[in-house]
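Q: Hey, can you walk me through this one? I'm new to it.
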Amino acid sequence: MAMTSRSTNVQQATAAARRIILVHGSGHGGWCWYRVATLLRAAGHRVDAPDLAASGADARPLRDVPTFEDHSRPLLDAVAALPDGERAVLVSHSFGGFSVALAAEMFPEKVAAAVFVTAFMPDCTHHRSYVFEQLTPREWDNMDSVTDDEHVPPSVFLGPEFMRQKIYQLSPPEDYTLSQSLARVSSFYIADQQSKPPFSEARYGAVRKVYVVCKQDMAIVESYQRTMIAGCSEAEVREIADADHMAMFSTPVELAGHLADVANTY
């Protein structure tokens with residue numbers, strides 16, 4: 001079911017509004033949500049934007065975060081710590097979709113909805129990194145990004161021109177400048193995720209999913225976003241016409257409106 005934005009206004013939180021946890025993608029940190037988090041908090045929503053391990057302000061170097069579960073641990077701990085009976089809306093961006101999927105697999109009873117904002121959305125059929133691997137050879141030109149397969153875990157640093165041309169092309173230049181000050185080396189943890197069984201239908205598969213299509217994304221292009229949606233046919237689909245990959249910068253008010261609506265609905 002496709003839905004376009006009905007309003008650019010962030011809805012006021014209802015009495016039953018759930019906690020919203022915003023999860024960043026590779027090379028970024030909780031800082032990238034500052035515009036959206038501010039809008040949601042101003043409307044009365046309870047918002048957290050944690051740094052995943054070896055990301056953002058987390059002090060650990062990548063070599064101290066050898067597995068994908070280690071990388072996702074700050075999110076997993078935040079979800080595990082929710083009081084009994086409380087559920088959160090988990091919002092992922094880009095590679096953060098895998099961390100949200102892992103949290104939903106481990107704690108489905110604590111997830112009101114899993115939202116994927118132009119994010120990798122795994123299915124329950126293939127190994128966990130499958131949707132990432134299918135994109136990279138065909139559509140992702142890494143340009144000036146730097147990889148080191150000998151590092152443990154294998155590392156990647158997203159290049160400044162790749163980020164400027166393919167990720168931030170419609171975002172305010174000051175936010176691109178901010179990214180160049182804060183971006184960090186990260187890992188895609190492909191081998192580690194390949195070694196794990198598919199996410200289960202009974203746990204991750206049973207969690208309500210919402211996919212926010214960003215139609216101007218040049219990194220995870222719209223056609224591939226819709227390929228992933230087809231693999232999770234039960235997902236609710238929303239669209240933002242003018243969003244690049246960094247929807248939280250290029251269309252923060254519209255994105256916040258969608259997230260507020262999800263929080264108030266589920």
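Q: Is C214 buried or exposed?
A: C214 is buried, at a relative accessible area of 0%; buried means under 20%, exposed over 50% and partly exposed in between, with a 1.4 Å probe and protein chains only. Keep in mind that this is a predicted model, where local features need pLDDT of at least 70, side-chain atom pairs count only at pLDDT 80 or more, and totals for chains, interfaces and linings use all residues. Residues are numbered from 1 along each chain as its sequence is written, and side-chain values use heavy atoms, leaving out hydrogens and water.

Q: OK, so how many disulfides are there?
A: Zero, counting a disulfide as a pair of cysteine sulfur atoms within 2.5 Å.

Q: Why doesn't C32 have a bond?
A: Because its closest cysteine sulfur, in C214, is 12 Å away, which is too far. C32 is buried too, at 1% relative accessibility.

Q: Switching to helix α6, which residues are buried there?
A: D175, Y176 and S179, in a helix that spans residues 173–182. Helices here are DSSP runs of H or I with at least four residues, strands are runs of E with at least two, and both are numbered from the N terminus.

Q: Where do those buried ones sit around the axis of α6?
A: They fall within an arc of 105°, so they line one face of the helix. That arc is taken from the directions from the helix axis to the C-beta atoms.

Q: And what's exposed on the other side?
A: P173 and S181 are exposed there.
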